[in-house]
Amino acid sequence: MRFSPVALAIALAGLSVSTSLQGQRADAQIDPRSMALLMQGRAAAASGNLDGATDLIETALAVDPRNRAAFLELATVATRQGLPGKAIRLYREALTIEPNDVTALRGQGEALVAKGAMEAARENLARIKTLCAKKPCPDATTLASVIAKGPPPSAAPATKVPETADASK
């Protein structure tokens, strides 16, 4: 009698978990509308319309947040816009979907170099080399060359503008 409420609670928890798992799509099944929007976004990015590409790709992600290719493309657009911090975050999102995505690791490593985070970029390179094992890996070669170049020169510090003399004196 005293175990009845506990048994009932466990049964309800098991039932709710099993029904929620049955309703989820497999990771490989990306919504076709999301893929169509991604293709439109790629075309916009190729034509140089980076803002339009961002809008289309973000819409693709709203339609299907499991679209890893959309995260990768959006990160590429962010890199082209000179936003390495945003690119790092987007590559991280792609890596939460597929932790062993070598392309995402390379892209994130390049964005980390652009931000000056050389140690984190080297960690990405080591992880890529581990994933590639003994087979040739162009992503590892590309990231190694970016790391060898080092971060881009930082912008020159702003110079102080001299105050103008007050004309009323």
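## Briefing on an all-helical predicted chain

Among contacts in the protein chain between residues at least 6 apart in sequence, those joining residues at least 24 apart make up 52%. The structure is a predicted model. The protein chain contains eight helices and zero strands, and its pattern along the sequence reads α-α-α-α-α-α-α-α.

**Burial and surface**

- Of the 169 residues in the protein chain, 32% count as buried.
- The exposed area of the protein chain is about 11000 Å², and carbon and sulfur atoms supply 59% of that area.

**Nonpolar core**

- The largest nonpolar core has 36 residues, among which Ile128 and Ile147 touch the most other members.
- At least two residues of this core come from each of helix H2 (32–46), helix H3 (50–63), helix H4 (68–80), helix H5 (84–97), helix H6 (102–115), helix H7 (118–132) and helix H8 (138–149).
- When residues up to four places away in sequence are not counted, Ile147 touches Val113, Met118, Ala121, Arg122 and Leu125.

**Salt bridges between distant parts of the chain**

- The structure holds six salt bridges.
- One of them joins the side chains of Arg42 and Glu73, at 3.3 Å from N to O. This pair links distant parts of the chain, with Arg42 in helix H2 and Glu73 in helix H4, 31 residues apart.
- Arg42 counts as partly exposed because its relative accessibility is 31%, whereas Glu73 counts as buried at 17% relative accessibility, under the 20% cut-off.
- Arg68 and Asp101 also form a salt bridge, with their closest N and O atoms 2.7 Å apart. Here too the pair links distant parts of the chain: Arg68 belongs to helix H4 and Asp101 to the loop between H5 and H6, 33 residues apart.
- Arg68 has a relative accessible area of 29% and is therefore partly exposed, while Asp101, at 8% relative accessibility, counts as buried.

**Salt bridge within helix H7, and a network**

- The side chains of Glu119 and Arg122 meet in a salt bridge at 3.8 Å from N to O. Both residues lie in helix H7, three residues apart, which is about one turn of the helix.
- With a relative accessible area of 51%, Glu119 is exposed, since the cut-off is over 50%; Arg122, with 41%, is partly exposed.
- Arg106, Glu110 and Asp139 are joined into one network by salt bridges that share partners.
- Arg122 appears under two topics: Arg122 is touched by Ile147 and forms a salt bridge with Glu119.

Key. Residues are numbered from 1 along each chain as its sequence is written. This is a predicted model: local features need pLDDT of at least 70, side-chain atom pairs count only at pLDDT 80 or more; totals for chains, interfaces and linings use all residues. Side-chain values use heavy atoms; hydrogens and water are left out. A nonpolar core is a set of buried Ala, Val, Leu, Ile, Met, Phe, Trp, Tyr and Cys residues joined through side-chain atoms within 4.5 Å. Buried means under 20% relative accessible area, exposed over 50%, partly exposed in between (1.4 Å probe, protein chains only). Helices (H or I, at least four residues) and strands (E, at least two) are DSSP runs, numbered from the N terminus. Contact means heavy atoms within 4.5 Å. Accessible areas come from the Shrake-Rupley method with a 1.4 Å probe; for residues, only the protein chains shown count as cover. A salt bridge is a side-chain nitrogen of Lys or Arg within 4 Å of a carboxyl oxygen of Asp or Glu.
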